[in-house]
Amino acid sequence: MEREVKTYVLKRSDDDAVPRKLSIDYAAALNSQQLAAVTAGEGPSLVIAGAGSGKTRTLVYRVAYLIDSGVDPSNILLLTFTRKSAQEMVQRAGELIGARSERVCGGTFHSVANLLLRRYGRSIGVEPGFTILDRGDAEDLIALVRSQLGLNEKDKRFPRKGTIMEMISKSENTLRSLEEIILDEFGHFADHIEDLSRLKTAYQSAKRQKQLLDYDDLLVMLRQLLLLDETARMTISRQFRYILVDEYQDTNRLQAEVVRKLAATHNNVMVVGDDSQSIYAFRGATFKNIMEFPQLFPGTQIYKLEENYRSTQPILNLANCIIDEAAEKYTKRLFTRKIDGPLPSLVEAAGENTQSRFIAQKILELREEGVPLSEVAVLFRSSFHSFDLEIELSRKGLPFIKRGGVKFIETAHVKDLLAHVRVIANPLDTVSWNRVLMLVEGVGPKKAHDLLAAIVKGGQPFDVLRGVSGRSGQGLKSLANTLESLSGAEARSPSEQVNQIYEYYLPILKEQYDDYPKRTRDLDHLHTIAEGYPGVNEFLADLALEPPDGSASGVDAPDRDDERLVLSTIHSAKGLEWQAVFVIWIVDGRFPSVYSFVADEDLEEERRLFYVSVTRAKRHLFLTYPINVYDKSSGMLLSKPSRFLDHVSSDLLDQVALVEEGGRGEWGRSHDPYY
DNA sequence: TTTCGTGTGATTTTT
DNA sequence: TCACACGAAA
C-alpha cells in the first residue's frame, strides 16, 4: 500500500529577487488576446476592448498579475469611472490573489484628486479642509458673483447660471479658452464674452478665497500640483508606479493630461476602453484621447479584445450594423460563440402607455420563462422617458429601482440640511452660509449678504448672528445656538450633527413644503447614510463625489434586493449587463434627440449611445417606439423609428405590431398626457 | 428688503 | 411642465 505523502508549504519571502512562480494559471482563465494584455510588460499599453469582451475581467487579472509578480499593491493606481466599479475590481482581484489587493488605490479621477489634494495641496494654496461644490452649489455661487458684478441687467439677454457653468466647465475640461468655447458652441452669447470672462475670473477667485473646489477644480488643481510642486510630483509618481485607467474613451483632455503627468517618470500606464462607447462628450470627454494615446506615449503596445462573452450573435449582428455607420473608429468586429438566440424585436406601440403596458406584460412573461427580475433592465435616453412606465410598473406590482435622473442628494431639502453641516465644517463656505441664512424667516439676499460680510471679516459667526435684532433676530439666534452646540468639539459624529440640525430644520421644512412627509423620509435616509461615517469630512466628500443613487421614490420594496428590475438611463447603464434589455423611446426626435440633429458630431454621439444600449443585452433585446406622439419642444409629430435603424436590414430584427385584446383602441386612454 | 405672484423660456446625459 | 428671473405689494 502506498503511503500518503504529506505536504509542507514553504512561505515566500518578500525579498525574493528571482521571478517566482505565479500562483494563477492565467493562460487557462483568459483568451489569448486577454492574456497578452494581462501579462504585458512595463511601458505604455492601450487595450481596445469591445463591448462585453471581458474588459473588467482583463483589468482584474492585470491587477492580480502585477501583485502576483511582486509589485506592491499600494504602488498600483486604478482609475475608474465610478468608485463602485473600482471597489468591485479590487474585490475580485482579491478573490484571485488574496486580501493584499485591498491596498490597491482605486477610484474615480475626482476621488483620487480629492485624496491627493487633501494630502499635498497646501503648496499650491489648497487647504486640506476644503469643501467640494457639487453642480448646484457651483451654480449658486455663480449667481451670487453675477449679482455682485451687476451683470443681470434685464435689457441684455444674459445666459442663466446653468449655462454659464456649462461654458466654464467645458473650457476647463477641454483645456480651451472660454472665448473659444463661447464662439464655438454658444454663439448667440458672443456679445457677452467680456462680461463672462470677468465673471469667470471673479468666480475663480471667490472659490479660492473660501476654500471651495468645484468638480473641475479637483482635476485642475491636481494638474497644477503635478506641474508646480516638484516634491509632491516625485512622491506621487513614486507611489503610483503602475497606473491603470478604465473607460479611457470617456476621459477629457484635462484627465488625459493628469494621466500623462502621473505617468511621466515611469510610463507604466495601461488604458482600457472602447472608442465606440464614448458617450460623455457633453462633459468634455473626447474619444480622440483614445485615438491619440499612442502618439502621446511613444512605444505603446496595442491590444484588441474582440471576442464577446455577453451577447448572442443576433444581438451582435445588430450592434455591428449600427456602429458600422459611425464616421470614425478603431475597426473591430465583435464575434461570439453563442451562436443561437432569439432575434431582437422592434416593437411599434400606438402611444406611450401602450409601450409601458407592453413592457410590463413582457416582463411578467419573461419571469414565467425563468428570467428573474434582477436580470431585466429598461433603458432610455433621458430619465423622464420612464415616468409613464414607472406608474405602470407600480400598478402591476413590479418592483424596480431607478438609476440616473434626479439624485436624492440634489433635492432642495437634503441640500438645505447638508448646508448646515458644511457651514460647521468650513466656516468660510459662503455658498452654504447663504443657503442656511436664506432659510431663516425674514432674511433675504441683502441681509444674508451683509451678515456674510460681517462673518468673513469679524470672525465669530455666532456672535454676529446673535447681534441681529428685528424680524429675523429670533430665527438667527436659534440658528446660532444650533450651530454652536455642534461646532467646537470636532468629535461630533456626522449622524449626531444630522440629527440635531434635523430638529432645528424640521419647522422650516414644514413651513416651506406641503409634501413634507415625503421629504422627511429623505432626511431619515440621509441620517442612515451619515451613520456609516466616523468623520464629517469623509461624509461630505463622499456625498459629493459618489452620491447614492435613486431618490426615495421607487424604493418601496427594500426587502428582496435582487428581485427588482432596473430602470436606467443609458449613461448610467455603462458597463452593466442583463439577460433581457428593453430600450424604449426609439423614436426619431427622442433618440436621437432633436437637439442632436444640428451637428454631426452630436449625432455620432447618439449613435454610440444607441450602440451602448444594445450591447447591454445578453439574450433578449426589445426596442420599442411609440408613434403619433406630439413633441411640444420641437412642435413635431414623432412617428418614425430612430434613424439609426434605417440601414439595418429587416432580417436582423423581428418587427412586432401590438394589437389590443378585444380591439380596444389606444385613444380610449385619455390620461396619457402626450396624447 | 422681503416675499409673493406672474411671465417667460427652455427642455439630455453626470463626476 | 417646471424652474428661473423679474416686478409689485407688504
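**Close-up 1. L77 and its partner across the strands.** In this predicted model, L77 stands opposite C105, a residue of strand β3. The two strands here are β2, covering residues 76-80, and β3, covering residues 105-108. They run in the parallel sense and are paired over four bridges.

**Close-up 2. From β2 to β3 by way of a helix.** What joins β2 and β3 in a β-α-β unit? That's helix α4, residues 83-97. The unit made by β2, α4 and β3 is right-handed.

**Close-up 3. The protein around DNA strand B.** Pull up DNA strand B and you'll find 26 residues surrounding it. R381, S383, G442, K446 and S572 are the closest of them. Sort the surrounding residues by character and you get seven nonpolar, 11 polar and eight charged. Which helix gives the largest share of this surface? It's α19, residues 445-458, which supplies three residues.

**Close-up 4. Contacts with the phosphates of DNA strand B.** Have a look at K446 here: one of its backbone N or O atoms sits 3.1 Å from a phosphate oxygen of the strand. T569 uses its side chain instead, with an N or O atom 3.2 Å from a phosphate oxygen of DNA strand B.

**Close-up 5. A contact with a base of DNA strand B.** Now for H110, whose side chain has an N or O atom 3.1 Å from a base oxygen of DNA strand B. And how do the strand's atoms within 4 Å of the protein split up? Sugar or phosphate accounts for 55% of them, and bases make up the rest.

Key. Residues numbered from 1 in each chain as written. Chains lettered and ligands numbered in written order. Predicted model: local features only at pLDDT ≥ 70, side-chain atom pairs only at ≥ 80, totals over all residues. Heavy atoms only, no water. Near = heavy atom within 4 Å. Polar contact = N/O pair within 3.5 Å; in protein donor to acceptor, adjacent residues only side chain to side chain. Nonpolar A, V, L, I, M, F, W, Y, C, P; charged D, E, K, R; others polar. Pairing = 2+ DSSP bridges. Right-handed = clockwise from strand over helix to strand, strands pointing away.
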